[in-house]
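Colleague: I would like to learn how to read this model feature by feature. Could you take me through it?

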Protein chains: 2
Amino acid sequence: MDGHARRIPDATVARLPEYLRILVELAEQRIGTVSSERLAELAGVNAAKVRKDLSYLGTYGTRGVGYDVDYLLFQMRQALGVTQDWPVVVVGAGNLGRALANYAGFSDRGFPLAAVVDVDDAKVGTTVGEVAVRPMSDLAELVRANQPVIGVIATPGPVAQLVADQLVAAGVTAILNFAPALVSVPPNISLRKVDLALELQILSFYQSHRESGSASRSWA
Amino acid sequence: MDGHARRIPDATVARLPEYLRILVELAEQRIGTVSSERLAELAGVNAAKVRKDLSYLGTYGTRGVGYDVDYLLFQMRQALGVTQDWPVVVVGAGNLGRALANYAGFSDRGFPLAAVVDVDDAKVGTTVGEVAVRPMSDLAELVRANQPVIGVIATPGPVAQLVADQLVAAGVTAILNFAPALVSVPPNISLRKVDLALELQILSFYQSHRESGSASRSWA
DNA sequence: GACTGTGAAGTAGTTCACAGCT
DNA sequence: AGCTGTGAACTACTTCACAGTC
């Protein structure tokens, strides 16, 4: 609420969840303080980048000492907006949709599965990861009941735009698209894409061109 | 083989698979020629970027006309190294591993599933997406038999580094890591990471901060 | 002495704008 | 006239290096 209103670069935002994951681990190990050097090592980046990234959130370190793990963890959660859970609605109960619905890594990290919906009547009613598959017509109701919701598109590419439109119409403001297709949404709806085959193709490129140096991006 | 030896920026490499997907669609629709403008629209970027990206691959366009779809498609496949299939070995037969193994989008786009391996004897022998789960001890043999192979890590975070080491020892030179953990590999091994929860957290950030403008990165 | 926070310098990526070919 | 290919200008991001604080 009081937060620094400094604009945070996209590149920094993309790294914050990684820092969050590390801070959670450090806190579990009862480590009270961490230096930018150590955080950098754990995140696979350099210390200057860590300090600059964290400085966008505020002045949370102590010179000569480092960062208090619990305090930084709190601030990081605050910055990321993950102080409360964000329920997830998965659209598409095919292989990918069922997998995502079953994937414990979501609920564990604050994104509990609220529902799975599918257009296919044959799939409606079957159970997937603790919940029953519901028809698309229930979407608006499900979103209303769980707001704020993140919509996950796990359908074939050709219907992805249609599904995105329905999600937006139902009141979803954040969408993660796993379908291999371009989806466009109104501004102020947040959208990210994960395309698994695309990642493999990028690997293929670097393998095909690995003569010299920069084949592997050392992060990850 | 003859290819331009111009160094291709990482940002460009990351967009090439998207262009590839679009070119495949255009070719299926029997569209013979495409302009940078049209390609840009389909990829959700601007035309200058498309032209610059394609210019790194070579001079494949015709001024006043545009790009020949089939020819550009051929060159794009060449550049990405996806003229032959790349078999994939999935490590981890949990929810995520099984999902990835079943995901048709892989085989469809030139990454057939070669094998699934797991440490858990209870899972070994069960069938997942056309193949039987094999023990970790078979890894080296499986890799040898299918070279070149892409290794996919679909295990819990804490064992990801161990698995990566085993993949590298087995002769895998490209790894896609789905485990929420930092993995490091020797240089000249290509490594990419996909962390599903991390993507949701990035969405959470932009939702929490959506007052003005750039909440959604319009790509995707 | 140790470590953060940050201007300044350096590097990578994007967009402009137009010359050059068809 | 239409559309590519690309230097040049611009913007974003990273890294350096050091003043400031504990």
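Modeller: We go through the fold, the core, two buried residues and the two DNA strands.

Colleague: What should I know about the model and its numbering first?

Modeller: This is a predicted model: local features need pLDDT of at least 70, side-chain atom pairs count only at pLDDT 80 or more, and totals for chains, interfaces and linings use all residues. Residues are numbered from 1 along each chain as its sequence is written, chains are lettered from A and ligands numbered from 1 in the order in which they are written, and side-chain values use heavy atoms, with hydrogens and water left out.

Colleague: How many helices and strands does chain A have?

Modeller: Elements are DSSP runs, numbered from the N terminus: helices are H or I with at least four residues, strands are E with at least two. Chain A has nine helices and 10 strands. Its C-alpha trace spans about 60 × 50 × 35 Å along the principal axes.

Colleague: How do I read burial and contacts for the chain?

Modeller: Buried means under 20% relative accessible area, exposed over 50%, and partly exposed in between, with a 1.4 Å probe and protein chains only. In chain A, 52% of the 220 residues count as buried. Contact means heavy atoms within 4.5 Å. Take the contacts in chain A between residues at least 6 apart in sequence: 54% of them join residues at least 24 apart.

Colleague: Which strands form the open sheet in chain B, and in what order?

Modeller: Two strands pair if DSSP finds at least two bridges between them. Here three strands of chain B run in the order S1-S3-S2, with antiparallel pairing. S1 (33-34) and S2 (61-62) of chain B are the edge strands; each has a single partner, so one side of each lacks a neighbour in the sheet. S2(B) pairs with S3(B), residues 66-68, over two bridges. Gly61(B) sits opposite Tyr67(B) of S3(B).

Colleague: Which residues have the most contacts inside the largest nonpolar core?

Modeller: In soluble globular proteins, nonpolar side chains tend to be buried together. A nonpolar core is a set of buried Ala, Val, Leu, Ile, Met, Phe, Trp, Tyr and Cys residues joined through side-chain atoms within 4.5 Å. The largest one has 110 residues, and Leu54(A), Met76(A), Leu54(B) and Met76(B) have the most contacts inside it. Beyond four places in sequence, Leu54(A) contacts Tyr19(A), Leu39(A), Tyr67(A), Leu72(A) and Met76(A).

Colleague: Is Asp195(A) buried or exposed?

Modeller: Asp195(A) counts as buried because its relative accessibility is 3%. It lies in the loop between S10 (190-193) and H9 (196-208) of chain A. Beyond four places in sequence, Asp195(A) touches Pro180(A) and Arg109(B). A polar contact is a pair of N or O atoms within 3.5 Å; within protein, one must be able to donate a hydrogen and the other to accept it, and residues adjacent in sequence count only if both atoms are side-chain atoms. The side chains of Asp195(A) and Arg109(B) make one at 2.7 Å.

Colleague: What does Gln207(B) touch?

Modeller: Gln207(B) is in H9(B), residues 196-208. Its relative accessible area is 7%, so Gln207(B) is buried. Leaving out residues up to four places away, it touches Trp86(A), Thr173(A), Ala174(A), Asn188(A), Ile189(A) and Ser190(A).

Colleague: Which residues come nearest to DNA strand C?

Modeller: A residue is near a molecule or strand if one of its heavy atoms lies within 4 Å of it. Of the 26 residues around DNA strand C, Ser36(A), Gly61(A), Arg63(A), Tyr67(A) and Asn46(B) come nearest. Sugar and phosphate make up 63% of the strand C atoms within 4 Å of the protein. Bases are reached too. A backbone N or O atom of Gly64(A) is 3.1 Å from a base oxygen of strand C, and a polar side-chain atom of Arg51(B) is 3.4 Å from a base nitrogen. H3(B) gives the largest share of the surface near this strand, four residues.

Colleague: Which residues come nearest to DNA strand D?

Modeller: Arg15(A), Ser36(B), Arg51(B), Gly61(B) and Tyr67(B) come nearest, out of 26 around DNA strand D. A side-chain N or O atom of Ser36(B) is 2.6 Å from a phosphate oxygen of strand D. A backbone N or O atom of Gly64(B) is 3.1 Å from a base nitrogen of strand D. The largest share of the surface near strand D, four residues, comes from H3(A).
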